[in-house]
Amino acid sequence: MRDYKLVVLGAGGVGKSCLTVQFVQGVYLDTYDPTIEDSYRKNIEIDNKVFDLEILDTAGIAQFTAMRELYIKSGMGFLLVYSVTDRQSLEELMELREQVLRIKDSDRVPMVLIGNKADLNNERVISVEEGIEVSSKWGRVPFYETSALLRSNVDEVFVDLVRQIIRNEMESVAIKDARNQSQQFDMNQSSSSRLPSSAKKDTKQSKNKQSSRDLYNKSSHGQAKTKKSTSVNEKRKPSHPASKPGVTNRTDSNSSLQQKMKKKKNSSCSIL
Ligand SMILES: Nc1nc2c(ncn2[C@@H]2O[C@H](COP(=O)(O)OP(=O)(O)OP(=O)(O)O)[C@@H](O)[C@H]2O)c(=O)[nH]1
């Protein structure tokens, strides 16, 4: 079972702790106690597999945000929470998202955009449509309106985030495999393309051997061999008759033989 580190981010008082505690313990916190940093653990089952979640509920108010960079680094997925009753909280999320992408050095970080306190319809200043618009501006980041009070969409946001992390992991494994395969292919290609060059090497080596043999032959104690090899060469040369005077003679004798044969043939014809 693997640990999945989730981080809950957002401005102060938007309901991060309430959402987290509602998800982990199934209770609603009525009183507001600003968070410095709280960590929770919960096992969940998704598609018949159990995942061990470590959820970091972070500080929203500025004086407690010094550790933010550290937990963004260690986080695998992010819940970005604003309150539908607080416009400023949505604006703060823009910066937070930028910070996550910058620290993670990726634009494919698992995250969910959450408009909390959806039960407070009378106090709402951010519409559902506006939330959808932000999510599409962010590259269609999944968007939910939640209510920690009513426990609506609470499990859904966490499950969505875990699914994104799983998907990302599978994709990066697939990319790694593809990269390994292409590297393997390149290695095979280069080793097979090395074959002809090794063949060339062999040719070179045999040439070298030949030239060293020549050198040896040219030396004083190699005289006899030089002669021998020349005679071998001569024997091999009949395919280039013009280069050997002796062979030319042989051709001549051949042609006279042919003439004799022709004569014979002609005579036999005449008999017939
Ligand atoms: N009506 C309503 N009130 C909520 C909801 N969620 C949280 N609250 C209230 O909002 C206040 C702040 O909630 P917290 O969960 O402490 O907010 P927070 O984002 O963790 O705040 P910081 O710890 O300062 O970052 C509390 O009084 C909650 O009762 C909700 O869904 N609906």
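**Loop residues, aromatic pairs, cores and ligand surroundings**

Arginine 151 is located in the loop that runs between β6 (143-145) and α5 (154-218). The model in which it is described is a predicted one. The phi angle of arginine 151 is positive, about 55°, although the residue is not a glycine. Most residues other than glycine have a negative phi. With a relative accessibility of 34%, arginine 151 counts as partly exposed, because the partly exposed class lies between the limits of 20% and 50%. Arginine 151 is also listed among the residues touched by phenylalanine 23.

A positive phi is likewise found at aspartate 105, where the value is near 55° and the residue is again not a glycine. Aspartate 105 belongs to the loop between α3 (87-104) and β5 (111-116). Its relative accessible area is 69%, and aspartate 105 is therefore exposed, the limit for that class being over 50%.

The loop between β6 and α5 also holds serine 147. Serine 147 has a relative accessibility of 1% and so counts as buried. A polar atom of the serine 147 side chain lies 3.4 Å from the backbone nitrogen of leucine 149. When residues up to four places away in sequence are not counted, serine 147 touches Asn116, Lys117, Ala118, Asp119, Ser152 and Val154.

Two aromatic pairs are found in a search of the whole structure. One of them is formed by tyrosine 4 and phenylalanine 51, whose ring centres are 5.3 Å apart and whose planes meet at 80°, an edge-to-face arrangement. This pair links distant parts of the chain, with tyrosine 4 in strand β1 (residues 3-10) and phenylalanine 51 in strand β3 (residues 49-58), 47 residues apart. Tyrosine 4 is buried at 4% relative accessibility, and phenylalanine 51 is buried with a relative accessible area of 8%. Phenylalanine 23 and phenylalanine 158 also pair; their ring centres are 3.9 Å apart and their planes are at 5°, so this pair is stacked. Here too distant parts of the chain are linked, since phenylalanine 23 lies in helix α1 (residues 16-25) and phenylalanine 158 in helix α5, 135 residues apart. Both phenylalanine 23 and phenylalanine 158 are buried.

The surroundings of phenylalanine 23 include a charged group. The charged end of lysine 42 sits over the ring of phenylalanine 23, at 5.1 Å from the ring centre. Beyond four places in sequence, the residues touched by phenylalanine 23 are Lys42, Ile44, Leu53, Ile55, Arg151, Val154, Asp155 and Phe158.

In soluble globular proteins, nonpolar side chains tend to be buried together. The largest nonpolar core of the model has 28 residues, of which Leu6, Phe23, Leu53, Ile55, Leu79 and Phe158 touch the most other members. Two or more residues of this core come from each of β1, α1, β2 (37-46), β3, β4 (77-83), β5 and α5. The largest share is that of α5, with six residues. Separate from this core is a second one of 23 residues, which includes Leu56, Phe78, Trp138 and Val141.

Trp138 is also a contact of arginine 97, which touches Leu80, Met111 and Trp138 when residues up to four places away in sequence are left aside. Arginine 97 is placed in helix α3. Its relative accessibility is 12%, and arginine 97 thus counts as buried, since the buried class is under 20%. Arginine 97 and lysine 5 are 92 residues apart along the chain, and their C-alpha atoms are separated by 17 Å.

The ligand has 22 residues around it, and those that come nearest are Lys16, Ser17, Tyr32, Thr35 and Ala148. Polar atoms of glycine 13, tyrosine 28 and aspartate 119 can be described in relation to the ligand. In glycine 13, a backbone N or O atom lies 2.9 Å from an oxygen atom of the ligand. In tyrosine 28, the atom concerned is an N or O atom of the side chain, 2.9 Å from an oxygen atom of the ligand. In aspartate 119, a polar side-chain atom lies 2.9 Å from a nitrogen atom of the ligand. Aspartate 119 is also among the residues touched by serine 147.

Definitions and conventions
Residues numbered from 1 in each chain as written. Predicted model: local features only at pLDDT ≥ 70, side-chain atom pairs only at ≥ 80, totals over all residues. Heavy atoms only, no water. Helix = DSSP H or I, 4+ residues; strand = E, 2+ residues; numbered from the N terminus. Buried < 20%, exposed > 50% of the residue type's maximum accessible area, 1.4 Å probe, protein only. Phe/Tyr/Trp six-rings, centres within 6.5 Å; stacked < 30°, edge-to-face > 60°. Lys NZ or Arg CZ within 6 Å of the ring centre and 35° of its normal. Polar contact = N/O pair within 3.5 Å; in protein donor to acceptor, adjacent residues only side chain to side chain. Contact = heavy atoms within 4.5 Å. Core = buried A, V, L, I, M, F, W, Y, C linked by side-chain atoms within 4.5 Å. Near = heavy atom within 4 Å.
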